Amino acid sequence: MKDKSLYFGKQGEAKAVKYLESIGFEIIELGWRYHRSEVDIIARQGSTLVFTEVKSRKNTILPIEELISEAQKKRIIKAAHHFITINEIDLNIRFDLLYIDASKKTAKLSHFKEFFSPDFD
């Protein structure tokens, strides 16, 4: 079962990469890991470095806002911070969601720019 869902997720990520490239993004990293955190896609669009989470779903039970948990957001932000630091990045930063709804015969991809942002308390 896990192999099927992993394969489904990888298919979604491949679709996401094709989409991003088709709209002018330069893919920098795929599946970039830092400790227990992973960023699905790190890409550049002009003067902006975009950290993108890809979510592929066969059902639409969860509302879009709940697809990325607060804990997962924190892990993504932590990984992004590390990536920016070790690579001495001096660009604008954005966190996007690419959602692939595969509940119908033809999958629909939706791009949510600035889906979340770091919370600096």
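Contact here means heavy atoms within 4.5 Å. With that in hand, let's walk through this structure, which is a predicted model.

A good place to start is Phe51. Leaving aside residues up to four places away in sequence, Phe51 touches Val39, Ile41, Ile42, Ala80, Phe83, Ile84, Ile93, Arg94, Phe95 and Asp96. Phe51 also belongs to the largest nonpolar core, which has 16 residues. Along with Phe51, the residues with the most contacts inside this core are Trp32, Val39, Ile42, Ile76, Phe83 and Phe95. At least two core residues come from each of five elements: strand S1 (26-34), strand S2 (37-45), strand S3 (48-57), helix H2 (70-86) and strand S4 (92-101). H2 gives the largest share, four residues. Apart from this core lies another one of 10 residues, including Ala16, Ala43, Val50 and Val54. As background, nonpolar side chains in soluble globular proteins tend to be buried together.

Now follow the strands in order. S1 and S2 are antiparallel partners, paired over seven bridges. In this pairing, Tyr34 stands opposite Ser37 of S2. Two residues lie between the strands of this hairpin, and His35 takes a positive phi near 55 degrees there. Just beyond Ser37 in your sequence view, look for Glu38, whose side chain meets that of Arg33 in a salt bridge (3.2 Å, N to O). Glu38 counts as partly exposed because its relative accessibility is 28%.

From S2 the path leads to S3. These two strands also pair in the antiparallel sense, over five bridges, and Ala43 stands opposite Val50 in S3. The S2 and S3 hairpin again has two residues between its strands, with Gly46 in the turn showing a positive phi of about 65 degrees. Ala43 and Val50 were both named above as members of the 10-residue core.

How much of S3 is buried? Nine of its 10 residues are, so the strand is largely enclosed by the rest of the structure. On its other pairing, S3 runs parallel to S4, and 10 bridges join the two. Here Thr52 stands opposite Asp96 in S4. S3, H2 and S4 together make a right-handed β-α-β unit.

Charged side chains deserve a stop of their own. Side chains of opposite charge can pair when their charged atoms come close. A search of the whole structure finds four salt bridges, and the pair of Glu38 and Arg33 is one of them. Another joins Lys55 and Glu53, with the closest N and O atoms 3.6 Å apart. Is Lys55 buried or exposed? Its relative accessibility is 10%, so Lys55 counts as buried. Glu53 counts as buried too, because its relative accessibility is 6%.

Arg94, in strand S4, forms a further salt bridge with Asp96, where the closest N and O atoms are 2.8 Å apart. Both of these residues are buried; for Arg94 the relative accessible area is 11%. Outside a window of four places in sequence, Arg94 touches Phe25, Gln45, Thr48, Leu49, Val50, Phe51, His111, Lys113 and Glu114. Phe51 is thus a place to look twice, since its own contacts include both Arg94 and Asp96.Finally, turn to some residues on the exposed side. Glu114, one of the residues that Arg94 touches, is found in strand S5 (residues 108-116). Its relative accessibility is 61%, so Glu114 counts as exposed. Phi of Glu114 is near 50 degrees, a positive value in a residue other than glycine. Glu88 likewise has a positive phi near 50 degrees, and is found in the loop between H2 and S4. Glu88 is exposed, with a relative accessible area of 71%. Gly24 sits in the loop between helix H1 (2-22) and S1, and is exposed at a relative accessible area of 56%. If you would like a distance to check in your viewer, try the C-alpha atoms of Gly24 and Gln72: they are separated by 27 Å, and the two residues are 48 residues apart along the chain.

How values were computed
Residues numbered from 1 in each chain as written. Predicted model: local features only at pLDDT ≥ 70, side-chain atom pairs only at ≥ 80, totals over all residues. Heavy atoms only, no water. Core = buried A, V, L, I, M, F, W, Y, C linked by side-chain atoms within 4.5 Å. Buried < 20%, exposed > 50% of the residue type's maximum accessible area, 1.4 Å probe, protein only. Pairing = 2+ DSSP bridges. Right-handed = clockwise from strand over helix to strand, strands pointing away.
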